[in-house]
Every structure is written in structure tokens, then in C-alpha cells.
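Colleague: Could you take me through one part of this model in detail? I would like a close look at the end of the sheet where the last strands pair, and at the loops with unusual backbone geometry.

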Amino acid sequence: MGIGLNSAFLTRDELEALGFARLGEDVLIHSTAVIVDCSKIALGSRVRIDPFVIISNRGGVEFGDNIHIGGHSALAGAEAIRIGDFVNISHYVGIFTSNQDTSGRTLSHPTVPSRSKERTAPIVFDRHSGVGAGSLVLPGARFNEGSILGAMSRVSRPLKPWTTYAGIPARRISERQRDTLAEEEAYRASLPSR
């Protein structure tokens, strides 16, 4: 089987050398991903981080198990991000735990000390939640179990469990089925015991 151009994921030895707070099994991080301050990042098992992802979050990031972060996504800010089991973040998603004041009343720029009051808040993704391509997740968003944000949407508030949202700002679209919970149970039973 041939390997495509630039399809290299880091080896286990390379991952261990980065000094993550926790490193589960079967972790795939593409070699083009940029990850800052690995000591504040805890990775569960079966986590996949695709090409050109940027993780630069001063508050740290905690990953559960069976998580996918799509290419060109960014996780950044000053507060913590917690990502539960079976979460899928699609491509080109921005997850930001901090917002600068862009009103023009204060100097707001990353190259100078800020005198503005930026909005910061943690972001939480409970299990089986997800975000569609090109969406923006802002400080204070909470994805309760099974909640989904559709593509090209924006959210900065808690989402109800097992509900799909979309739009700018995100609005409730429909309820979701919970069949995936039975599939999760069967999947977990199929995993080899360690």
C-alpha cells in the first residue's frame, strides 16, 4: 500500500518526546499540526489530529477517547477546552476560549500588552457532540451530550443535549436520535482488554 504525499503521522516515540500531560493509545497526530505547550494537553486513546491543525490554548486541552479534529482547525485562547469521548470536530473549525474587544475603544492586538477586557470562558464538548465544517465556537459554548453544530455556524452558549443547531447565531434545528449509545456499547465491548 503506497503512502500519499505528506501523509506522515508522528510515531509513538515522537509523540512521547513532546511531553504531553497524558498520552493514550493509538494516537495519530499529523506532522504538520502545530501544538504549543504539550505539557498542558492530555490525550486519551484513539485520538486523530489531522493536517494543519493548530492547538495553542494557554488554558490547556483535555481530550477523551475516540476523538477526531479535522484539518485546518484551530483551538486557541486563555481558558480550558475539554473534549469528551466520541467527539468529531470537522475541517476549518475555529474554537476560541478568548475574544478581544474589537469596538475600537482600546488597543487590542496580540503583539502589545492588552488594556482591553477580553472575554474568556472555558469550552466543553460532552460525548457524542460535534461541529460541522467552517464553524466558529466562541467562549462560553457548551456542547451537552449529543449536541451538534451544523456547518458554517457560530455558537457562544450552551446547546441542549441530543439537538442539532445551525446558523449565525446558532438556532435549534431538530432533535437527534440516541441510537449511537447502543453502538458505543457494542464498540467498547469489541475493544481488546489491556
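Modeller: Happy to; what follows goes from that sheet and its last strands to the loops, and then to the protein as a whole.

Please keep in mind that this is a predicted model. The part you ask about belongs to an open sheet of 8 strands, ordered E2-E5-E8-E11-E16-E19-E22-E23, with mixed pairing. Its edges are strand E2 (28-29) and strand E23 (171-175), each of which pairs on one side only. E23 is joined to strand E22 (residues 163-166) by 4 bridges, and the two run antiparallel. Within this pair, alanine 166 sits opposite arginine 171 of E23.

The loop between E22 and E23 holds proline 169. The peptide bond leading into proline 169 from isoleucine 168 is cis, and its omega is near -5 degrees. Most peptide bonds are trans, and most residues other than glycine have a negative phi.

That second point brings us to two other loops. Arginine 46, which is not a glycine, has a positive phi of about 60 degrees. You will find arginine 46 in the loop between strand E4 (41-43) and strand E5 (47-49). With a relative accessible area of 22%, arginine 46 counts as partly exposed. Histidine 128 also has a positive phi, near 65 degrees, and lies in the loop between strand E15 (123-125) and strand E16 (130-131). Histidine 128 is buried, because its relative accessible area of 8% falls under the 20% cut-off.

For context, there is also an open sheet of 6 strands in the order E3-E6-E9-E12-E17-E20, with parallel pairing. Strand E3 (34-35) and strand E20 (154-155) form its edges, each pairing on one side only. Inside this sheet, 3 bridges connect strand E9 (residues 74-77) with strand E12 (residues 94-96), which run parallel, and alanine 74 stands opposite glycine 94 of E12.

Stepping back, the protein has 2 helices and 23 strands. Its radius of gyration is 17 Å, which agrees with the value near 16 Å for a compact globule of 194 residues. The C-alpha trace spans about 55 × 40 × 30 Å along its principal axes. Of the 194 residues, 41% count as buried. The exposed surface comes to about 10400 Å², with carbon and sulfur atoms supplying 55% of it.

Definitions and conventions: Residues are numbered from 1 along each chain as its sequence is written. This is a predicted model: local features need pLDDT of at least 70, side-chain atom pairs count only at pLDDT 80 or more; totals for chains, interfaces and linings use all residues. Side-chain values use heavy atoms; hydrogens and water are left out. Two strands pair if DSSP finds at least two bridges between them. The radius of gyration is taken over C-alpha atoms; the globule rule is 2.2 Å times the number of residues to the power 0.38. Buried means under 20% relative accessible area, exposed over 50%, partly exposed in between (1.4 Å probe, protein chains only). Accessible areas come from the Shrake-Rupley method with a 1.4 Å probe; for residues, only the protein chains shown count as cover.
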